[in-house]
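Visitor: Please take me through the cavity in this model, with a close look at what lines it. After that, carry on to the charged pairs and the other local details worth a stop.

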Amino acid sequence: MFDPDIAPSGTLLGLLQRGRGDGTLHALAAPRAEALAALHHCVLHDPRRDWQVENRSLYYARLCLDLDADLDEIEQHLFHPHDLVNTDEERTGLALAVLGHLAAYDRLDALRLLRRYAAAGSNWEWALDELALRDDDAGLRALAPAVLGRFPETPDGEAELATAARGAYEPRPWRLWADDPAYGPRVRAAQEQGAFDRWQRQLRPSGPRPGWSVHDVLVWAQQEHDLRPGARRPDAAARCLAAVAGPEDRPELLAAAASAPDAARATALRHLADTGDPEVLDLIEAAVTEPDASEPVSRAALGAFERMRSIAALDRARIWAHRPDELGAAAAAMLAARGGLYDAGLVLAALRRTVRAEGPHSQALWTLVDGAGRLAITCAAPVLRHIYRETASSHLRGRAARALAATDPSFAAGFAVECLWDCEEATRELAARHAATGDARVVEQLRRLAADPAEEAEVQTAVRSRIDPDAAEV
C-alpha cells in the first residue's frame, strides 16, 4: 500500500481519483479537454491507496467510452523508457486493466495495444491475463514466439519459464501453446517441471512433525521468525498448538505468553486467546501496554484479541474502549462488530475520535463505520457523510454508503443516486436497491447497468428487482 497524491474532493480530478459517481457526472458536464486531462491523469497515475482491494478500471473504461477518448496517452505511458527500469505492476497495471475492459467493449485499438505490450512490455504477464479473457485463440497463439522468447533455452531460462507457467493467473494462453506443434514440447516440459517442483516441496516439509511437544512448536516458531521475519509463522504455529497442547501444558504457555521471545510469545498469546483462557486478557493488555513491548508482540496480541468471541472479551472491550491507544481502537472495533445497542455511544465516540485523529482515510474506520450502520446510530450520519465525501478509499466509501442507508433518511434521494456510477460494484448494487427513481437519471442508469455485459451479476440482479423486466432488456 502507498499514499498517493489525491486532489481535494470538490475538484473534478479529486472526484475521479476517488472513483465517486459524481466524478463521472461532472466529467460529462465539463469541457471535454478538461475531463480527458483528469481521466488520463487517473489512469496513468494510479490513485488507489490499495490497488489490490479497490476497483477503478471499469469506472475509467466506461468514462473513456463516454468521452470517446483515444489511447495515445496510454500508449505513450506503456511504452515509455521508464518501462524498462520500473517494472512494478503499480506503474502499468491500472492502464492495462482499463485496456482490457475497453477490449471487452469491442475497442479494437485497445486489443491491439494489449497485444503489443504483451509482446514487448515489462508487465507482460498482466497484459497476457487481460488478453486471455478477451482475445481469440488466433491472437493468443500469435503471442507465443514473443512470450516464450523472453526465456532463453538454458537451465535458468527453463526454470524461469516453469515459474511463469505455474504462476499464470489465467492459464488459457499456456494451454493453447501447449497444444501448438511448434511450442508445445517446451511449454509442456515447463508445466511438468512446475508440478515436479511442487511435489518435491511436499516431500520435504520443514514444519512440525507428529510427536512434537508444545516446547518444540514454540522453538520452531521462533526459529522460523528469526530466519524469515515476515513469514507469519506464529499464526501457523498457533494452529499446531491446538493439536498438541493439553491442560498440563498451560503453565508453560502462560509463561511463554508473558515473557518468551517475540515469535514464541505471539504464538502462545494467539493459542490462549483461541482457547479462551481466563488469564489471556490480562496478558494481552500487558503485551500491548508494557513500556518495552515490541511491535510484533503488540500486533499479535491485538490480533489475538480481535479474534475472540467470548462474553469476557466483550466486557473487557467496554472497559478498554475509552483508551486513546491501539488497545482502545481494537476494543471499539470489537464492540462495533459484536456489541449490542447499549454500546452505540462507545462506537460513536470512537468513530468521531478516529476521524479527528487519523482523518477520513484510515483503515481503522472500516469496522467502526460498519458498526454505525449495524447498530443504526442515526446521529452518526453527519460524520458518515463526511467520510463518504472525503475518503480516498473507495472501499471505505462503500462501507460509509451502506451505513448511511441504515442511518440517513435522505440517502435514497441523495448519495444513493450518484452511487449508481460508483467505481465499486458493491456500492452500485447498494444504490440499485435504494436510489429513488423519481430522478430521471436514475431510471436511465438502471437500464444501462441492466444491459451492460461488463456489469457484475449481483448489480444486474439488484437493478432488475427495481425496474420492469421488459425495460431491462432495452
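Guide: Start with the lining of the largest cavity. By class, it has six nonpolar, two polar and six charged residues. That lining is made up of 14 residues. Nearest the centre of the cavity lie Thr24, Tyr59, Arg62, Trp421 and Gln445. Two elements give two or more residues to the lining: H4 and helix H29 (440-451). H4 gives the most, with five residues. The volume of this cavity is about 130 Å³. A search of the whole structure finds one cavity of 30 Å³ or more. Keep in mind that this is a predicted model. Every value here is computed from it.

Next, the loop that precedes H4. Asp46 sits in the loop between helix H3 (32-44) and helix H4 (57-67). Is Asp46 buried or exposed? Its relative accessibility is 10%, so Asp46 counts as buried. The cut-off that matters is 20%: buried means under that value. The side chain of Asp46 also has a polar partner. A polar contact of 2.6 Å joins it to the side chain of Arg48.

Now the salt bridges. The structure holds 33 of them. Three pairs are worth a look.

Take Glu75 and Arg116. They form a salt bridge whose closest N and O atoms are 2.5 Å apart. Glu75 belongs to helix H5 (residues 72-78) and Arg116 to helix H8 (residues 108-120), so the bridge ties together parts that are 41 residues apart in sequence. How accessible are the two ends? Glu75 has 28% relative accessibility and counts as partly exposed. Arg116 has 41% and also counts as partly exposed. Both values fall between the limits of 20% and 50%, which is why neither residue is classed as buried or exposed.

Move on to Asp277 and Arg250. Their salt bridge has its closest N and O atoms 2.5 Å apart. This pair links distant parts of the chain, 27 residues apart. Asp277 is in the loop between helix H18 (262-275) and helix H19 (280-289), while Arg250 is in helix H17 (residues 250-259). Accessibility splits the pair. Asp277 is buried, with a relative accessible area of 8%. Arg250 is partly exposed, at 30%.

The third pair stays within one helix. Arg270 and Asp274 meet in a salt bridge of 3.0 Å, N to O. Both lie in helix H18, four residues apart, about one turn of the helix. Arg270 counts as buried, at 10% relative accessibility. Asp274 is partly exposed, with a relative accessible area of 41%. Elsewhere, salt bridges that share partners build one network from Asp282, Glu285, Arg316, Arg323 and Asp325.

Leave the charges for a moment and look at Leu396. This residue lies in helix H26 (residues 394-407). Its relative accessibility is 0%, so Leu396 counts as buried. What does Leu396 touch, not counting residues up to four places away in sequence? The list is Pro360, His361, Ser362, Leu365, Trp366, Val369, Ile387 and Thr391. For a longer span, pair Leu396 with Val98. The two are 298 residues apart along the chain, and their C-alpha atoms are separated by 22 Å.

Finish with the backbone. Where does phi turn positive outside glycine? One such residue is Asp106, with a positive phi of about 70°. Asp106 is placed in the loop between helix H7 (89-104) and H8. At 68% relative accessibility, Asp106 counts as exposed. The cut-off for that class is over 50%. Another such residue is Ala376, whose phi is near 50° and also positive. Ala376 is found in the loop between helix H24 (365-374) and helix H25 (381-390). Ala376 counts as partly exposed, at 40% relative accessibility.

Key. Residues numbered from 1 in each chain as written. Predicted model: local features only at pLDDT ≥ 70, side-chain atom pairs only at ≥ 80, totals over all residues. Heavy atoms only, no water. Buried < 20%, exposed > 50% of the residue type's maximum accessible area, 1.4 Å probe, protein only. Polar contact = N/O pair within 3.5 Å; in protein donor to acceptor, adjacent residues only side chain to side chain. Salt bridge = Lys/Arg side-chain N within 4 Å of Asp/Glu carboxyl O. Contact = heavy atoms within 4.5 Å. 1 Å grid on protein atoms, 1.4 Å probe; cavity = no way out; pocket = protein on both sides within 12 Å on 5 of 7 lines; lining within 4 Å. Points joined across faces, edges and corners; volume = space filled by probe spheres on them. Nonpolar A, V, L, I, M, F, W, Y, C, P; charged D, E, K, R; others polar.
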